[in-house]
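User: I would like to go through some of the labels used for this structure. Please explain what each one rests on.

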Amino acid sequence: MDKQLLRYEGSKKTMFIIGLLTVFQSVFIILHAVFLSTAITKLFKGAAVNAVLPFLFGFGGFFFLRHLLQWTKERMAYRFAETTALSYQTLLLEKLFRLGPRGVGRHGSGSVITLCLEGITNFRTYLELFIPRAVSMICIPLFLLVYVFTVDALSGVVLLVTMPIMIAFLILLGLLAQKKIDAQMDSYRLLSSHFVDSLRGLVTLKFLGKSKSHEHAIRAVSERYRMATNRTLRLAFLSTFALDFFSSLSVAVVAVELGLRLIDGKIGLESALMLLILAPEYFLPIRSFGNDYHATMDGKDAGDKIHEILSQEDRKLISTQPLPRWNEASYLAVRGLSKASTEDESFIVKNLDFEVKGFQKIGIVGQSGAGKSTFIDLLAGLRDKSSGTILFDGIEVESFTVDEWQRQLSYIPQHPYIFSGTVAENIRWYAQHSSKEDLLLAVERAGLSELVKSLPNGLDEKIGQGGRSLSGGEEQRIALARTILQERPIMLFDEPTAHLDIETEYEIKELLLPLLERKLVFFATHRLHWMKEMDLIFVLQEGQLVECGSHEQLLAKKGHYFELISAAKGGRGV
């Protein structure tokens, strides 16, 4: 049994009521077998139909009550599963927002999307099927076995001996199936992640002329999932056949044993018929549980994944004393800022010391893996620092995740997210109540006017999922328009033009530079031509701040920054 099952709200009450109904159901199964065997025996002995009718009606009544209780149990299990699944879907989404983009990224966006959609459905199916099946598997065979022992001890011994064989076989198949299901789920997650990544990179693949060749990678991943699914289905069919075979064989053993004793006159016809009717009912719960086992394991796996995410430590959002709005006289002093890796004891960034004041544009450069994105993530509050001291206008701040700092910054990543909605809704995402005039001004300043005019519905054109697709440059313009509407004094950029071609990048640059005036800007990039526009440049190497100064100062120093510039000129130029 899933160790989390009893921790769900309402699970104990649901299991108790279903258990109570199953007890009554067991009694009704016994009674309907008794009435049916009595009716058949009386007809066999030549009794009048009128004498048999009460027993037939009794059989029909108890048969109906038995299935009415089964329907009630399934409805209760469905309502509990629906409520619990919706509750955990809400908890999961809230947790993902608290973890932030980097927290989600550790699990893979494709896996998270699959978990939030299909995983929740599988989780609901698991709860809906597992509880009534598990309770029936425990209660019904136990009550029937006790009753059979009171009627005929030898038949009870046969049933008692055959049941552990079926349970052992079910456990063995379960262990084998779990390996296949794990492999299938791994393939499914890989397929989901690959599909999401392919959708995101489709424009780039088409630009590079690789969209056709990429179909081979998609086919390979799909084929891997198909083979894993077929292996799981083969095992599922085998286990169903085996359970049906063993249960039929066990009933046949009981039937042969009863038939031989009936011929010898050691048992009456009515008792033999009644026991023969109860024998399939005795094995039915474990057969049902075994048949549904494979259908519920995906849901159990999804539930484990949900609990794994929910158990992660939240990205801390810390409240602090009010901080002044950043202005030309504000200063930020950071000492010993470090972030350790969650996988080992190494540091991604280590002992960063720097001071910035007023409205400055700070460029952040370094080779791949130098820690630029982690540095931006720390400033954005997407990750919490491992150590370090932060002073904002002389006020010590525990972390960059504090509300007062978060409310003052805008963050533009390399791939801004386009939500399913209109152009206007996407631009207003962080400023829902902005006026139409402000919206139009943001559109103009972000260079979106021509795009909006070309759309059939203008600002009301649907974009994102299910709508018109945008190029990388258009997505960045949408992100810029969002930032303009926010009107925040601190701006963070994490490789915002890394995926754009040179022409589009320079168009974005002409739009962006005027927006950086009278702002505190942190701009991480490997496109070094931006550094000529920066007031200050931070050079990172292996997670450490090795140089700091203006473009001219660092060139004259002929250190690490000079080497980056020389390497760039030796390639495509700066």
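Analyst: Rings of Phe, Tyr and Trp, the last by its six-membered ring, pair if their centres lie within 6.5 Å. In this predicted model, there are 21 aromatic pairs.

User: Why is the pair of F419 and W429 called stacked?

Analyst: The centres of F419 and W429 are 3.8 Å apart and their planes make 10 degrees. Planes under 30 degrees apart count as stacked, so the pair gets that label. The two rings come from distant parts of the chain, 10 residues apart. F419 is in the loop between β6 and β7, and W429 is in the loop between α10 and α11.

User: Why does F419 count as partly exposed, and why does W429?

Analyst: Partly exposed runs between the 20% and 50% cut-offs. F419 has 21% relative accessibility, so it is in that range. W429 has 37%, so it is partly exposed as well.

User: How do you know that K509 sits over the ring of W530?

Analyst: K509 lies over the face of W530, at 5.4 Å from the ring centre. The limit for that distance is 6 Å, so the distance condition is met.

User: What makes β3 a mostly covered strand?

Analyst: Five of its five residues are buried, and buried means under 20% relative accessible area. K361, G363 and V365 point one way, while I362 and I364 point the other way.

User: How do you know that β3 pairs with β10 and with β11?

Analyst: Pairing needs at least two bridges. β3 and β10 have four, in the parallel sense, so they pair; G363 stands opposite F523 there. β3 and β11 also have four parallel bridges, so they pair too, with F538 as the bridge partner of I364.

Methods: Residues are numbered from 1 along each chain as its sequence is written. This is a predicted model: local features need pLDDT of at least 70, side-chain atom pairs count only at pLDDT 80 or more; totals for chains, interfaces and linings use all residues. Side-chain values use heavy atoms; hydrogens and water are left out. Buried means under 20% relative accessible area, exposed over 50%, partly exposed in between (1.4 Å probe, protein chains only). Helices (H or I, at least four residues) and strands (E, at least two) are DSSP runs, numbered from the N terminus. Rings of Phe, Tyr and Trp (its six-membered ring) pair if their centres lie within 6.5 Å; planes under 30 degrees apart count as stacked, over 60 as edge-to-face and the rest as tilted. A charge sits over a ring if NZ of Lys or CZ of Arg is within 6 Å of the ring centre and within 35 degrees of the ring normal.
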